[in-house]
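Work through the exercises below with the structure open beside you, and try each task before you read its solution.

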Amino acid sequence: MNKTFLLVVCVITCFTVNVFGQARSELNIGLIGVNYEIPVHKDITIAPGASTSLDFDWITLNVKGNYYFDNLFDLTAEAWDVYGGVGAGYAIYSGSGNTSSGFDIGLHVGGRWFWNDKWGVYLELGGASTQGATGGIGVTMKL
């Protein structure tokens, strides 16, 4: 897959924002990555992002699709979000080994808790080399 094409898709996606009910625009800054959630439906977001490995041998460009289970589980507290989804992306290897770059897809589940109207923390568990083999932990800022 062409790296330039994937980067252009991520940039265009970042600038096409629509705001719906539960799902909202958020910036997630994690331990080794960042993504920007864009609402496309009241319970669905897409999130273009970038991340790296702890040893900085990998740079990953990805897009995640999240479904928020808040309405399904009748979670009425604004401070909590529960979600799951799928991600796809391209991992670029920059280390000094025999490992090559590549495309991958994977699943993830996560949740977040907001301590005020703008800031929160998130924990996400997932799999696949292009979205972080173990998910992520970090802070969320509502935009």
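Before the exercises, one definition is needed: two strands are said to pair if DSSP finds at least two bridges between them. Please keep in mind throughout that this is a predicted model.

**Exercise 1. Describe the overall make-up of the protein chain and the order of its secondary structure elements.**

Solution. Begin by counting the elements, which come to one helix and eight strands. Next, read along the sequence, where the pattern is α-β-β-β-β-β-β-β-β. Then turn to burial: of the 143 residues in the protein chain, 38% are buried, where buried means under 20% relative accessible area. The exposed area of the protein chain is about 7800 Å², and carbon and sulfur atoms supply 68% of it. Finally, consider the contacts with a separation of 6 or more, 42% of which are between residues 24 or more positions apart.

**Exercise 2. Trace how strands β2, β3 and β4 are joined, and state in which sense they run.**

Solution. Start with β2 (residues 33–41) and β3 (residues 44–52), which run antiparallel and are joined by six bridges. One of these partnerships can be found by looking at Gly33, whose bridge partner in β3 is Ser51. The connection between β2 and β3 is a hairpin, made through two residues. Continue to β4 (residues 58–68), which pairs with β3 in the antiparallel sense over nine bridges. Here Thr45 stands opposite Asn66 in β4. β3 and β4 also form a hairpin, this one with five residues between them, and Phe56 in the turn has a positive phi of about 60°.

**Exercise 3. Find the strands that pair with β8, and name a pair of facing residues for each.**

Solution. First take β1 (residues 26–30), which runs antiparallel to β8 (residues 136–142) and is joined to it by five bridges. In this pairing Glu26 stands opposite Lys142. Then take β7 (residues 119–126), which pairs with β8 in the antiparallel sense over six bridges. In this second pairing, the bridge partner of Val121 is Val139 in β8.

**Exercise 4. Decide whether His108, Lys64 and Trp80 are buried, partly exposed or exposed.**

Solution. The reasoning rests on two cut-offs, since a residue is buried under 20% relative accessible area, exposed over 50%, and partly exposed in between.

- His108 belongs to strand β6 (residues 102–114), and its relative accessibility is 4%, so the residue counts as buried. The side chain of His108 makes a polar contact of 2.6 Å with that of Asn66.
- Lys64 is found in strand β4, and it counts as buried because its relative accessibility is 9%. A polar contact of 2.5 Å links the side chain of Lys64 to that of Glu124.
- Trp80 lies in strand β5 (residues 80–93), and its relative accessible area of 47% falls between the two cut-offs, so Trp80 is partly exposed.

**Exercise 5. Which residues make the nonpolar surface patch, and about what area does the patch have?**

Solution. Trp80 from the previous exercise is one of the residues in this patch. The other members are Ile29, Val34, Trp113, Trp115, Trp119, Val121 and Val139, and the patch has an area of about 700 Å². To finish, connect this result with Exercise 3: Val121 and Val139, which both belong to the patch, are also bridge partners.

Definitions and conventions:
Residues numbered from 1 in each chain as written. Predicted model: local features only at pLDDT ≥ 70, side-chain atom pairs only at ≥ 80, totals over all residues. Heavy atoms only, no water. Patch = residues over 30% accessible without salt bridge, like charges linked within 9 Å, V, L, I, M, F, W, Y side chains within 5 Å. Areas by Shrake-Rupley, 256 points an atom, 1.4 Å probe, with all protein chains shown as cover. Salt bridge = Lys/Arg side-chain N within 4 Å of Asp/Glu carboxyl O. Helix = DSSP H or I, 4+ residues; strand = E, 2+ residues; numbered from the N terminus. Buried < 20%, exposed > 50% of the residue type's maximum accessible area, 1.4 Å probe, protein only. Contact = heavy atoms within 4.5 Å. Polar contact = N/O pair within 3.5 Å; in protein donor to acceptor, adjacent residues only side chain to side chain.
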